[in-house]
Amino acid sequence: MLSLWRTRVLLLLLLCLASQRSDGALRKRKKRNRVETRGMDCSWNCSQQGLPCRVKKDCNWWCNAYNATHCPETPSKPVLRGTEPFVFQSGNGTYHLGLNVTWEPPDDGSIVFVRGFQVRVMSKNTKDNGWNDCVTLNVTGTKMSMVDPKRLFYYDCFGDDLDESPKRFVPGQKYHLVLYSKPQQGEGHKDQNVSRTFRMPDCDTPGMEDVEECKIEPDDWTPAYINVSVNGSTVNVTFDPAPSTFTIDGYFVWLDHAEDGRVERERQTKVSNVLFQDVQGGEYTVELRLKKRDCDCVISKTDRSFVVKG
């Protein structure tokens, strides 16, 4: 009887210890998943000890820089170490998502041919399809070697405020990274690049509370642009898509007569590009609304009218 009692006590103690370890692991996991807020390094200087390096917003294929018909010896792909999202404060005081990419040079003999790296990030979000940011790190003056200590490179200045229209990462959306060793022979030479698809943290992730794209509400939003191009009787309307954090069903787009505001044509769409064909001659403006389940809560119009010739 005493032996049975001891066995039960021992089992209870083991269960208690397992529970504490589980809670501790969960707390560590939560802490690890928190998005860090820190500064962004946009110095354009990627030099390391004994290795001059400069950052350029230039992603042309390097073979053309040597000879149009012959490429020099080309290095193998770099070793990607991580894609880490973080939160940074922009020049106007608002907070946005950033990305830090870390990698090492090739780990074979081709390291001696490395003259730099190309880092390209592309959006997989249908609302901003075609969004991409690309940069080259130019290594000059010194050849790397396998016998040197391992060097770790990084780049984190995507979406900086130096651009007229900074590229912003959208919370919760997918992006694709391609990292090249240079000089490279072209996009078809996949043995020179490593790629990864990743998803940015969503607005419910700890640390994302101050991110601007998570704070904005539909009632406060207006598109940054509504562009119109006219080709004969065809009118093409493109506009700044609403943030993916909005729960909307799409958009209403109207062509209104400039004189009296009468609606000439109406389209419902889920994308930010609408084509109106066979439009009657006249002077028009464009009206845009967000389509929600409970209301049409945002109205935006073009400031200038445009003419379709009859």
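This short talk walks through the overall make-up of a predicted protein model, one of its sheets and some of its salt bridges.

Before I start, please note that residues are numbered from 1 along each chain as its sequence is written, and that side-chain values use heavy atoms, with hydrogens and water left out. Because this is a predicted model, local features need pLDDT of at least 70 and side-chain atom pairs count only at pLDDT 80 or more, while totals for chains, interfaces and linings use all residues.

Let me begin with the whole protein, which has 3 helices and 16 strands; helices (H or I, at least four residues) and strands (E, at least two) are DSSP runs, numbered from the N terminus. Of the 310 residues, 40% are buried, where buried means under 20% relative accessible area, exposed means over 50%, and partly exposed lies in between, with a 1.4 Å probe and protein chains only.

Now to the sheet, in which 5 strands are arranged in the open order S1-S5-S4-S7-S8 with antiparallel pairing, two strands being counted as a pair if DSSP finds at least two bridges between them. Strand S1 (53–56) and strand S8 (193–199) are at the edges with a single partner strand each, so one side of each has no neighbour in the sheet. The partner to look at here is strand S5, residues 132–139, which pairs with S1 in the antiparallel sense over 4 bridges, and within that pairing arginine 54 stands opposite asparagine 138 of S5.

I turn next to charged side chains. Side chains of opposite charge can pair when their charged atoms come close. The structure holds 6 salt bridges, each being a side-chain nitrogen of Lys or Arg within 4 Å of a carboxyl oxygen of Asp or Glu.

Which parts of the chain does the salt bridge between aspartate 156 and arginine 38 tie together? The N to O distance in this pair is 3.1 Å, and since aspartate 156 lies in the loop between strands S6 and S7 while arginine 38 lies in the loop between helix H1 and S1, the pair ties together parts that are 118 residues apart in sequence. Aspartate 156 is buried, at 2% relative accessible area, whereas arginine 38 is partly exposed, at 24%.

A second salt bridge joins glutamate 104 and lysine 150, with their closest N and O atoms 3.7 Å apart. Glutamate 104 is buried at 14%, but lysine 150 is exposed at 67%, and these two residues are also linked with Arg81 in a network of salt bridges.
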